[in-house]
Amino acid sequence: MNKKFGYVRVAASVPELKVANVEFNTDEVIKEIKSLDKEGVQIVTFPELCLTGYTCADLFSQDILISKSKEAIKKVIDETKVLDIISIIGAPIVCDNQLFNCAVVINKGEILGIVPKTYIPNYGEFYEKRWFSTSNTLTSRIIKMFGKEVPIGTDLIFRDKDDDKFTFGIEVCEDLWSPKAPSVEAALNGATMIFNLSASNEVIGKYGYRKNLINMQSAKNVCAYIYSSSGVNESTTDLVFSGYASIAENGSTLVENNRFDFETNHIVADVDIQRLMNNRIKDISFMGIGASSNYRVIDIELNDKNEDLFRTYDAYPFVPSNESKRAERCSEIVNIQACGLAKRIKHTGMKKCVIGISGGLDSTLAFLVVIEAYRKLGISFDNLIGVTMPGFGTTGRTYNNALTLMKNYGVTMREVSIKDASLQHFKDIGLDPEDRSVTYENTQARERTQILMDIANKEGGLVIGTGDLSELALGWCTYNGDHMSMYAVNTSIPKTLVRYLVKYFADIESNEECKKTILDILDTPISPELLPPDKNGNIKQQTESVVGPYILHDFFLYHFMRYGASPEKIKYIANKTFDGMYDESTIDKWLKFFIKRFFNQQFKRSCLPDGPKVGTISVSPRGDLRMPSDADASSWLN
């Protein structure tokens with residue numbers, strides 16, 4: 001099941017070690033392979049020279065160490081031949097009258113290939129050229145191992161015989177630090193996973209640098225990067241190794257271990273190869289520099305051995321999860337929105353802006369963004385014309401919050417009721433005012449937009465749109481109503497992020513009355529307030545009871561647009577992510593609803609007003625989403 005959705009379970013292991021005690025080290029490696037096989041791991045990598053220890057120094061010139069290491073490889077092969085796991089182990093290999101620091105790939109009683117290290121460090125604390133040759137001096141392409149011919153070289157990539165997106169390459173330690181890392185060429189030749197066997201010692205500041213290096217390599221190569229380094233049991237004659245292990249995917253660390261552990265430890269993750277391939281296909285510059293065609297492909301067999309999923313997904317993919325960086329991220333987002341608007345104000349020479357203030361989340365965020373743009377341009381807030389337009393569904397709570405918000409920021413306030421105009425329009429088109437159809441609702445939305453547009457014409461200003469990304473994805477806006485403006489600042493802000501940003505403004509607000517008002521707006525149910533309130537004057541029309549929870553729709557939208565995930569996969573990960581919050585039938589219902597509306601409401605997105613792209617997802621017809629308005633959703637629904 002997991003392979004169907006593009007997952008591969010990988011591991012990085014740091015086994016306990018005794019320097020030059022090959023028998024002990026081999027037994028630890030075998031124990032780890034057997035243990036990880038039971039955990040459903042399909043590919044595991046170990047540290048550099050894990051069978052001997054990296055710090056053997058001149059002992060690498062001793063025949064006994066090299067012969068014992070070769071015997072150890074045979075023992076690993078024999079002890080793991082019945083296991084359904086690919087193991088990548090570090091060992092010294094003699095070939096072409098030279099000793100190479102190699103990665104040996106083993107599966108089901110066979111050596112699939114051997115990859116030697118290319119960049120041999122010989123500076124600072126490293127003196128590796130004393131013992132090992134670079135792969136550049138390798139002349140053979142085949143080596144005889146235990147009576148069989150085995151491919152050897154840096155030109156090897158390992159590819160699943162059934163699905164070529166499951167392909168991996170290998171580099172050894174220093175190769176990663178080189179300006180021309182072998183992993184770049186491997187990725188261009190199809191490797192979606194890179195395994196690195198390393199021996200990286202610790203000095204102050206190196207941990208952070210190395211972590212960033214791994215993440216950036218996974219980002220540049222659009223791949224998963226699985227890294228395992230020698231542990232604290234290496235010789236401490238001059239250096240200390242921490243046993244760092246990390247699994248990164250496209251620039252982000254999925255999991256890392258606790259360093260400085262004397263006991264055997266490992267990390268496991270399900271990497272999403274389907275997601276990586278979607279990124280590569282969209283990023284045409286990925287293949288822009290061209291790929292070498294002389295790589296040798298080694299067939300591997302990745303069996304689908306897992307029904308469960310180790311990987312977890314954020315229920316709020318648009319919302320920054322790192323609370324310590326929350327203010328920094330919010331400031332960045334607001335700056336993008338405000339600067340986009342500020343540039344438009346400078347270009348048009350119009351200092352005045354007109355915005356409808358409903359007392360809801362979206363208009364509050366847009367209002368506060370305009371205030372921020374005015375701050376940047378040094379424009380007095382009274383140039384902002386805030387218009388509240390009470391209608392049939394307006395409640396006292398939202399009405400008073402709208403007035404308080406405008407009053408406390410010192411903007412120009414206007415109130416224009418839409419009731420009489422809407423009733424006249426009902427009469428003109430022959431609609432019974434008791435008819436609560438979509439016409440009843442949309443009449444009010446269009447009347448409000450007409451008022452804003454006409455005030456903007458009269459005052460020489462810009463109408464600022466308040467609609468958000470989630471509403472645009474669902475088409476939950478009135479065509480030529482709240483759908484239209486002269487500049488839409490929230491156009492790529494999803495509903496879950498709107499709430500987050502409004503909370504940020506409340507947190508930094510020093511005026512207590514303003515803070516109180518913003519917090520109350522946050523607590524107000526999401527509603528267009530187009531239907532009359534209940535008998536107690538409370539909001540009766542709650543959006544999420546009609547269109548479904550925005551937390552689900554934003555989750556669907558993120559995975560659908562960012563990674564091109566199929567509805568079946570989205571449902572699979574949503575059921576795991578929202579387990580205990582929403583049952584499977586609820587997720588299924590709203591996912592179908594999302595797909596139907598995403599397709600049949602595209603015509604609204606095809607003529608969107610200008611607005612700034614903030615995150616990785618936008619539905620602008622001029623940018624990220626160029627989709628036919630009459631596309632058929634059947635394949636997605638089926």
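## A hairpin with a positive phi

In this predicted model, strands E6 and E7 form a hairpin with two residues between the strands, and Phe146 there takes a positive phi near 55°. The two strands run antiparallel and are joined by four bridges. E6 spans residues 142-145, and E7 spans residues 148-151. Across the pair, Lys144 stands opposite Glu149 in E7.

The side chains of E6 alternate. Ile143 and Met145 point to one face and are buried. Ile142 and Lys144 point to the other face and are not buried. The pattern follows a general rule: in a regular strand, side chains alternate between the two faces of the sheet.

## Two nonpolar cores

The largest nonpolar core has 88 residues. Those with the most contacts inside this core are Phe367, Leu384, Tyr409, Leu501, Phe556, Phe594 and Phe598. Helix H8, residues 361-377, gives the most to the core, with ten residues. Phe367 touches Leu384 and Tyr409, and also Ile355, Ile357, Leu405, Met406 and Val411, leaving aside residues up to four places away in sequence.

Another core, of 46 residues, lies apart from the largest one. Its members include Ala72, Leu99, Met145 and Val150. Met145 is one of the buried residues of E6. In soluble globular proteins, nonpolar side chains tend to be buried together.

## Leu377 in helix H8

Leu377 belongs to helix H8. Its relative accessible area is 28%, so Leu377 counts as partly exposed. Leu377 touches Ala342, Ile345 and Lys346, again leaving aside residues up to four places away in sequence.

Cys339 is 38 residues from Leu377 in sequence. In space, the two are 9.4 Å apart, C-alpha to C-alpha.

## The five-stranded parallel sheet

Five strands make an open sheet, ordered E18-E17-E16-E19-E20, with parallel pairing. Strand E18 (412-415) and strand E20 (487-488) are at the edges. Each has a single partner strand, so one side of each is left without a neighbour in the sheet.

At the E20 edge, two bridges join E19 to E20, and these strands run parallel. Gly465 stands opposite Ala488 in E20. Strands of a sheet pair through backbone hydrogen bonds, either parallel or antiparallel.

## The largest pocket

The largest pocket holds about 1,600 Å³ of space. Its lining has 41 residues, and Ser252, Pro317, Ser321, Arg329 and Tyr558 are the closest to its centre. Two strands and three helices give two or more residues each: E13 (252-256), E14 (265-272), H6 (273-282), H7 (326-348) and H16 (550-562).

Helix H7 provides the largest share of this lining, six residues. By type, the lining of the largest pocket divides into 19 nonpolar, eleven polar and eleven charged residues.

## The second largest pocket

About 1,000 Å³ of space lies in the second largest pocket. Its lining has 50 residues; Ser358, Thr466, Asp482, Ser527 and Pro528 lie nearest its centre. The elements giving two or more residues are H8, strand E17 (384-388), helix H9 (396-409), helix H11 (438-459) and strand E19 (461-465). E17 and E19 also belong to the open sheet, and H8 also feeds the largest nonpolar core.

Helix H11 gives the largest share of the lining, seven residues. The lining of the second largest pocket divides into 22 nonpolar, 19 polar and nine charged residues.

## Enclosed cavities

Searching the whole structure finds four cavities of 30 Å³ or more. The largest cavity has a volume of about 120 Å³. It is lined by 15 residues, with Gly467, Leu472, Asp482, His483 and Ala488 nearest its centre. Ala488 is the residue of E20 that faces Gly465 across the strand pair. Asp482 is also among the residues nearest the centre of the second largest pocket. The lining of the largest cavity divides into six nonpolar, six polar and three charged residues.

The second largest cavity contains about 80 Å³ of space. Val14, Pro15, Leu17, Pro47, Glu48, Cys50, Ser230, Gly231, Asn233 and Glu234 line this cavity. Five of its lining residues are nonpolar, three polar and two charged.

Definitions and conventions
Residues numbered from 1 in each chain as written. Predicted model: local features only at pLDDT ≥ 70, side-chain atom pairs only at ≥ 80, totals over all residues. Heavy atoms only, no water. Buried < 20%, exposed > 50% of the residue type's maximum accessible area, 1.4 Å probe, protein only. Pairing = 2+ DSSP bridges. Core = buried A, V, L, I, M, F, W, Y, C linked by side-chain atoms within 4.5 Å. Contact = heavy atoms within 4.5 Å. 1 Å grid on protein atoms, 1.4 Å probe; cavity = no way out; pocket = protein on both sides within 12 Å on 5 of 7 lines; lining within 4 Å. Points joined across faces, edges and corners; volume = space filled by probe spheres on them. Nonpolar A, V, L, I, M, F, W, Y, C, P; charged D, E, K, R; others polar.
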